[in-house]
Amino acid sequence: MSESWTRFSRELYLEVDVAAGRARGRRLALERALREAVRSGRLRAGTTLPSSRALASDLGLSRGTVVEVYAQLAAEGYLVTRPRSATAVAEVPPWAAAPAGPAARTGPPRHDLRPGRPDPSSFPRAAWLAALRQVLATAPAESVGYGDPRGHAELRTALAGYLGRVRGVRTTPDRLMVCSGFGHGLGLLCQVLRGLGDDVLAVEDPGLPALGQLAETAGLRAVPVSVDERGLRPDLPPDTRAVLVSPAHHYPLGSTLHPSRRAALVAWARRAGGLVVEDDYDAEFRYDRQPVGALQGLAPDHVAYGGTASKSLAPAVRLAWFALPTRIAGPVTDLRRVTDRHSPVLDQLALARLVSSGALDRHLRRMRMRYRRRRDHLVSLLGERVPRVRPVGTSAGLHVTLVLPEDGPTEAQVVAELVRRGVAVHGLAGHCRRPPPAQGIVVGYGAPAGHAYPHAVEALVSGLSELLHA
Ligand SMILES: Cc1ncc(COP(=O)(O)O)c(C=O)c1O
């Protein structure tokens, strides 16, 4: 009877049952363990494996045994071995080869016109790299320890100045909270509101569906309030104590909250002790005039103002900020401390440098011109070739909603036909909690990379023109 025991490797999690005294048995055991780890997907394509010397030493095997195992699995297509480089899991191991039949659709659409996305090719890589380099060269050692739950003081200070200058936000660094996306901050706020006894968040209808869902996840009821060309209608349900609104540029209809409604909303908040949650997601991009200032500037004690780097820079940056009324800044900070603690500090510092050096302003100036040209081009092309669709909303942001004619194909048919042509847009109905006010599509002209934009717009316009027999 052969004695057997399990050996572990530290660099590569692998348990190998090694039968003592039988070299072939050991080799087969290692081969089986490694093959199984690749087959199961635990070791993913491209993963590099330890050198044969290191693995042999960990497992108490001879180096020759490991070399043979690597060679065998390479011959079977599971691994790739190259002279003078590490052995790695093959890019397309045999178990992962595409099945016969129609390939599953993966990757981004051919013509990406999904709303809410900035041009990914315009991310200011050089400026970000310079900022990050500077941060790594100069930040004190404490910067890589646990940080302040509200965010690094350097970023909060830079943001307090920046938001005051460009958006008329009235805040101080200690009432700012940096979070990982607007949605993240909204989720925290909703949890705090729930904890304080609120049970309703009034949301714009149409609106971004994920935001209402976040409120529901926190235990609040998301109650829809209608929106028209003057923005959110001011008749809030009677039991409302908190409302989410995008006053500068409504998503997705593009309206700007009318001054009388801004005043009514602030008066309501003061009267009812209510909270307005201001979603200022794309206010950097207004093309026809200066953007209206943030609502928060009118009533800092009643408005929680949120902005994000997702449109001005890129969604992957995952940084956003909230200027909070004093009464909820404390509870939100306490919640943050015991949840994810804070957002990544080195990235916060890089963003702070971008803001304070003026690099963000320069980037936004460039992008404003680019998006404005795209929008003007798209709207004028539609006017010429598809006059039956009606673009709505102010000249701002990264998207435009096109209202479809009542006597044409349905919204679902239009979206499906565009998808068939490789054009991705969103239907208006998907943004509505109640029956939609009209049929329409939401087109994100910001999303395509520079070189792809003309093709994407041509595919959209020719698709719509055929569909609507313009
Ligand atoms: C209306 C609206 N608000 C907020 C956001 C920002 O989300 P985040 O900062 O979580 O990326 C988006 C992004 O799509 C949005 O469309």
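Where is the place of Arg175? In this predicted model, Arg175 sits in the loop between helix 5 (153-167) and strand 6 (176-179). The residue is buried, yet it has no salt bridge. Asp301 is the nearest side chain of opposite charge, at 4.4 Å; a salt bridge would require a side-chain nitrogen of Lys or Arg within 4 Å of a carboxyl oxygen of Asp or Glu. Asp301 nevertheless belongs to the surroundings of Arg175: apart from neighbours within four places in sequence, Arg175 is in contact with Arg170, Pro300, Asp301, Phe322, Ala323, Leu324 and Thr326.

The last of these contacts, Thr326, leads to helix 10, which comprises residues 326-338. Within helix 10, Ile328, Ala329, Val332, Thr333, Leu335 and Arg336 are buried. These residues lie on the same side of helix 10, because they cover an arc of only 165 degrees around its axis. What do the buried residues of helix 10 pack against? Their partners are strand 6, helix 6 (182-195) and strand 11.

Strand 11 deserves a closer look. All of its residues, 275-279, are buried, five of the five, and the strand is therefore largely enclosed by the rest of the structure. Its two faces are both covered: Leu275, Val277 and Asp279 are buried on one side, and Val276 and Glu278 are buried on the other.

Strand 11 also has strand partners. Strand 10 (residues 242-245) runs parallel to strand 11 and is joined to it by four bridges; in this pairing, Val243 has Val276 as its bridge partner. Between these two strands the chain passes through helix 8 (residues 259-272), forming a right-handed β-α-β crossover. Strand 12 (residues 303-308) is likewise parallel to strand 11, with four bridges joining the two. Here the bridge partner of Val277 is Ala304.

A further site is found at His111, which lies in strand 5 (residues 111-112). Is His111 buried or exposed? Its relative accessible area is 13%, and His111 is therefore buried, the cut-off for that term being under 20%. Along the chain, His111 and Val423 are 312 residues apart, but their C-alpha atoms are separated by 4.7 Å. Val423 is also one of the residues in contact with His111. Leaving aside neighbours within four places in sequence, the other contacts of His111 are Arg421, Gly422, Ala424, His455, Ala456 and Ala459.

Key. Residues numbered from 1 in each chain as written. Predicted model: local features only at pLDDT ≥ 70, side-chain atom pairs only at ≥ 80, totals over all residues. Heavy atoms only, no water. Buried < 20%, exposed > 50% of the residue type's maximum accessible area, 1.4 Å probe, protein only. Lys, Arg positive; Asp, Glu negative; His and termini not counted. Contact = heavy atoms within 4.5 Å. Pairing = 2+ DSSP bridges. Right-handed = clockwise from strand over helix to strand, strands pointing away. Arc of directions from axis to C-beta.
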